[in-house]
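Please open the model in a viewer and keep the selection panel at hand. The tour below proceeds by selection, one region at a time.

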Amino acid sequence: MVEHMKWWGWGQEGVAFHHEDKPNLAPFVKRVSGIDFNAPPAQVPELSELDVPGSRAPQELRDAFVEALGAEHVHDDDLDRVVHCYGKSMRDLVRIRRGDFGRVPDLILYPGTEAEVETALRIALDADAVLIPFGGGSNIVGSLEAPREETRPVLSLDMGRMRSVLSLDETSQTARIQAGALGPDLEAQLNARGWTIGHFPDSFKHSTLGGWIATRSSGMQSDRFGDIADITRAVRAVTPKGIVATSEVPVQSVGPSVREMILGSEGRLGIITEATVQVHRIAEERVIQAYFFPDYASGLKAMHDIAASDATPSITRVSDANETQFTLATSKKGSALGQLLNKGVQLYASKRKGIDLEQMCLSFIGFEGSALSVRRNKSLVGDIVKKHSGFGVGSGPGSLYDQKKFDTPYIRDFILDRGAYGDVSETSSSWTTLNTLHDNVVAAANKAFAEVGINGFVFCHLSHSYHSGACQYFTFAFQPPTDRDGLEAYDAVKGAIQQAFMDNGGTLSHHHAVGREHKRWVNEDVSPAGAEIIGALFTGVDPGRNLNPGAIVD
């Protein structure tokens, strides 16, 4: 049995965000954005009340898949088809709650082996059908939907039955894992033997290894373990040209990297069935320390110096002032996070350190390894924090952050229930451009809010550090205007943020991928010639445009 998220929102039924135990949050959000947390929530309609377009699959095509996969693994009921028609972007959730389902898949296929994936693809190609791979359904850039105008049969190939750790090579420190394994599935299997993949994106609970690879995902502990492109050592994928199987070696010099071609391909080249990934022994000790910096610029400088030092933290994260205020407002009364700005801390920061409390920025830095390694790294980082006028406030808040790190998407659903929009955009850039990019993106978002005539709020944190730069992750929220469609306002704000990335030395995405949401910036990011090469690769492998047509480039 493959379990899916709610058809209308994030996560599982019965799990939701609540603010009643966070006394400062509703007043804070109302003040900065006009969003009323105490407004009555909209009633999500029953799926049976909505008009779901019927399946267009010819009977002979359905019969062919039933023969290949078994009747229990070929679905065409309304609920399963709606679950697979979109991902979980803000646009997806707004449309699906309106009953705008786009081009709903005609059949949902659940292969259980690589051979069944091969057979399914062959049947699809012979029928000139469109096939879109589906992992956990957490994508937020439009990578899972078929073009609205598509007249051919549309198939969603769900990898949820293929979720096992196939083998573990403890000497080479690698594991072969099927692509349909959700984050918790593969971690549980590895943890039972004392190992971890070390990859924990925000979507961890509801995303798969294949999805991570297909979108070039990045996890919260990438400073230590690397992004999924670093973690993935070999891939197997079923393509129109046959099975692609790259060598399980650490490095190779065999022309342009086929492994890299599969990474980030979003289903345009084929269906990823398994991967060999780097794994690590579960650390003896793991701790996340909280720090404060006088302002965001000081925090960025500290993160730069940490990246340039001998320190090897697992997490380097610093929030700007707006996000810091929001984070503190989300604290429960009496919690470790709520105690961060108690009177003693405020007095120390303002009187002893001369810090403006409105500009102060919260940072979380993680350490893991042997007890000796953790002590050494904490000492190295502590010296750098002091150099930039920061100070530590212990590990209690970090432990709370660690427990709640996968819950953020539920807040977006909560405000959407109350008619407000919230979303995220992320980018990476060089250390030289980070601060200017941050300030100009915030200015661009605020200008877009004003031009649309809405109240809005935007904040940011640095989330992943590298030798030459870092990722910055922006969140924005607003109450849509009453004189136009909310998605029109959303496009204006999101477009302004994305364009500001490009205008200030950033990339269109650090780890969310391209999909359909971001593809208008591909030429600007990789050059027209680069985009043409990507398109030529897709056409060469899939000349009939049967595999997820419209994703990344047209």
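Begin by selecting E114, which is found in helix α5; helices (H or I, at least four residues) and strands (E, at least two) are DSSP runs, numbered from the N terminus. At 17% relative accessibility, E114 counts as buried, the term buried meaning under 20% relative accessible area and exposed over 50%, with partly exposed in between (1.4 Å probe, protein chains only). Next, display the surroundings of E114: leaving aside neighbours within four places in sequence, E114 is in contact with M162, R236, V238, I243 and T273, where contact means heavy atoms within 4.5 Å.

A note on conventions belongs here. The model is predicted, so that local features need pLDDT of at least 70 and side-chain atom pairs count only at pLDDT 80 or more, while totals for chains, interfaces and linings use all residues. Residues are numbered from 1 along each chain as its sequence is written, and side-chain values use heavy atoms, with hydrogens and water left out.

**The sheet**

Two of the contacts of E114, V238 and I243, lead to the next selection: I243 in β9 is the bridge partner of V238. Select β8 (residues 232-239) together with β9; the two strands pair in the antiparallel sense over four bridges, and two strands are said to pair if DSSP finds at least two bridges between them. How many residues lie between β8 and β9 in their hairpin? There are two. Beside this connection, T239 has G242 in β9 as its bridge partner.

Now extend the selection to the whole sheet. It is an open sheet of five strands in the order β5-β6-β10-β8-β9, with antiparallel pairing. Which strands form the edges? They are β5 (165-169) and β9 (242-245), each of which pairs on one side only. On average, neighbouring strands of this sheet are turned by 10° against each other, direction ignored; axes are lines fitted to C-alpha atoms, for helices over the stretch in contact, and angles run from 0 to 180 degrees between N-to-C directions.

Add helix α5 (residues 114-126), which packs on the sheet and touches β8, β9 and β10 (271-278). The direction of α5 makes about 40° with that of β8. Then add helix α6 (residues 183-191), which packs on the sheet through β5 and β6 (174-178); the direction of α6 makes about 40° with that of β5.

**Helix α2**

Select helix α2 (residues 59-69), whose buried residues are L61, F65 and L69. Viewed down the axis of α2, these buried residues fall within an arc of 50°, so they line one face of the helix; the arc is that of the directions from the helix axis to the C-beta atoms. An α-helix has 3.6 residues a turn, so residues three or four places apart point the same way. On the other side of α2, E60 and E67 are exposed. To see what covers the buried residues, display elements including β1 (74-75), β2 (107-109), α5 and β4 (154-158). Just after α2, G70 takes a positive phi of about 100°.

**Positive phi outside glycine**

Most residues other than glycine have a negative phi. Select E266, in the loop between α10 (258-262) and β10: this residue has a positive phi of about 55° although it is not a glycine. At 5% relative accessibility, E266 counts as buried. Move on to A513, in the loop between α18 (486-503) and α19 (522-526), where phi is positive at about 85° although the residue is not a glycine. A513 counts as buried at 10% relative accessibility.

**Aromatic rings**

Finally, display the aromatic side chains; the structure holds 13 aromatic pairs. Rings of Phe, Tyr and Trp (its six-membered ring) pair if their centres lie within 6.5 Å; planes under 30 degrees apart count as stacked, over 60 as edge-to-face and the rest as tilted. Select F28 and F457, an edge-to-face pair at 5.7 Å centre to centre with 85° between the planes. This pair links distant parts of the chain, 429 residues apart: F28 in helix α1 (residues 25-33) and F457 in strand β17 (residues 456-465). Both F28 and F457 are buried. Adding F326 and F459 to the selection completes a cluster that ring pairs link together with F28 and F457.
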